[in-house]
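Thank you all for coming. I would like to walk through one structure this morning, moving from its sheet to one of its helices and then to two loop residues.

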Amino acid sequence: MEKTINEQLGYIRPGRVKGSIEMAGLFDRWYHRTAQLNKESPDEDGHYGLVCDGLMRKPGKDESGDDELEKSWWAQPMRIAFLMKDQNQGGSHWNEDARNWLSQKTDMQELTNRTFRNIANILWGLIYSKEDIRPQEDIVTKFDDIKTCFHEIPFAYIETKKQGGGSSIDNKELKLYLNDYKDLLYKELDILNPNVFVCTGWPIYEFVQDYILQKHKDEPQNLLTKVPSLKDDGKSEPSILLHIPSKKIILLGHHPSLQENFGGSMENIYMSVMDHYQAFLHSKYYDFFK
């Protein structure tokens with residue numbers, strides 16, 4: 001039987017013997033690349049910490065439900081991937097499987113976790129905006145609908161830097177990791193094959209552009225089409241790009257963990273993506289992507 005997406009991506013987890021570690025799939029290669037490059041310091045057992053990710057398992061589901069999860073993923077017109085920077089591990093490094101967070105963590109299931117509430121808002125907005133966007137007021141009044149969407153609609157969650165970090169990361173440092181693991185991150189995107197990329201930082205936005213152009217380099221008219229925001233003053237770069245031959249959408253928005261004192265209100269984070277998505281809905285390209 002063909003392996004599921006999450007089986008292809010694999011895992012890194014504690015072994016059955018105390019102090020041992022088990023790994024498989026693409027993340028096995030990621031782990032050994034980290035050891036080869038000496039990117040991080042190992043723990044007292046000599047192990048490196050990495051965050052595994054991919055298709056997020058739904059509440060009450062474990063690995064046994066991955067086949068059903070994947071069928072739902074491929075059936076979605078919009079296969080949305082959220083590309084993050086790295087997990088805030090307070091400067092430490094440990095192994096984590098982000099795919100289990102929604103299935104195991106109550107604060108994420110109930111959307112009391114601020115970061116994932118913002119992700120849920122954006123997921124719901126992208127899925128249910130047709131012809132015009134769901135206004136920012138809806139993310140408060142439609143909370144139950146957002147929660148249902150978050151629990152039912154499959155989405156991919158990707159830490160582009162698999163090694164844990166702190167509360168922030170410098171763009172220059174992030175670019176180094178993106179370059180050192182470029183082929184592996186490309187492979188992860190190949191396995192998941194999303195058609196909507198929500199990028200949470202400029203280096204990630206540029207990385208996805210390069211990935212799509214490289215993936216389709218031998219195809220005719222292999223260009224990214226710029227769609228200016230409805231609020232675009234003509235001076236800044238557009239924050240939504242389309243790859244029309246493959247019907248892929250690249251979006252740039254605020255990081256969902258952005259603090260309110262830096263302009264990261266729930267409404268601002270939602271609209272940082274949806275303002276640009278609305279430009280696409282009003283563009284001449286929208287009918288082609290339906």
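Which residue of β7 does Gly54 stand opposite? Please keep in mind, as we look for it, that this is a predicted model. The residue is Tyr157, which stands opposite Gly54 from its place in β7. The strands concerned are β4 and β7, the latter covering residues 156-159, and they run antiparallel, with two bridges joining them.

Let me now put that pair into its wider setting. The sheet is an open one of seven strands, and if you trace across it you will read the order β4-β7-β5-β8-β11-β10-β9, with mixed pairing. At the edges stand β4, residues 54-55, and β9, residues 225-226, and each has a single partner strand, so one side of each is left without a neighbour in the sheet. Packed on this sheet is the helix α11, which touches β5 (80-84), β8 (196-199), β10 (240-243) and β11 (248-252), and the direction of α11 makes about 165 degrees with that of β11.

The helix α11, residues 202-215, also brings us to α9, since α11 and α10 (182-192) are among the elements that cover the buried residues of α9. Which residues are these? In α9, which spans residues 171-180, the buried ones are Leu174, Tyr177 and Leu178. Looking down the axis of α9, we find its buried residues within an arc of 100 degrees, so they line one face of the helix. As a general reminder, an α-helix has 3.6 residues a turn, so residues three or four places apart point the same way. On the face of α9 turned away from the buried side, we find Lys172, Leu176 and Asn179, which are exposed. At the start of this helix, Asp170 places a side-chain oxygen within 2.8 Å of the backbone nitrogen of Lys172.

Finally, I would ask you to look at two loop residues, neither of them glycine, that have a positive phi. For Asn38, phi is near 55 degrees, and this residue is found in the loop between α2 (25-37) and β3 (51-52). For Glu131, phi is near 70 degrees, and its place is in the loop between α6 (114-128) and α7 (138-141). Are these side chains buried or exposed? Asn38 is exposed, at a relative accessible area of 56%, whereas Glu131 is partly exposed, at 44%.

How values were computed: Residues numbered from 1 in each chain as written. Predicted model: local features only at pLDDT ≥ 70, side-chain atom pairs only at ≥ 80, totals over all residues. Heavy atoms only, no water. Buried < 20%, exposed > 50% of the residue type's maximum accessible area, 1.4 Å probe, protein only. Helix = DSSP H or I, 4+ residues; strand = E, 2+ residues; numbered from the N terminus. Arc of directions from axis to C-beta. Contact = heavy atoms within 4.5 Å. Polar contact = N/O pair within 3.5 Å; in protein donor to acceptor, adjacent residues only side chain to side chain. Pairing = 2+ DSSP bridges. Axes fitted to C-alpha atoms, helices over the stretch in contact; angles between N-to-C directions.
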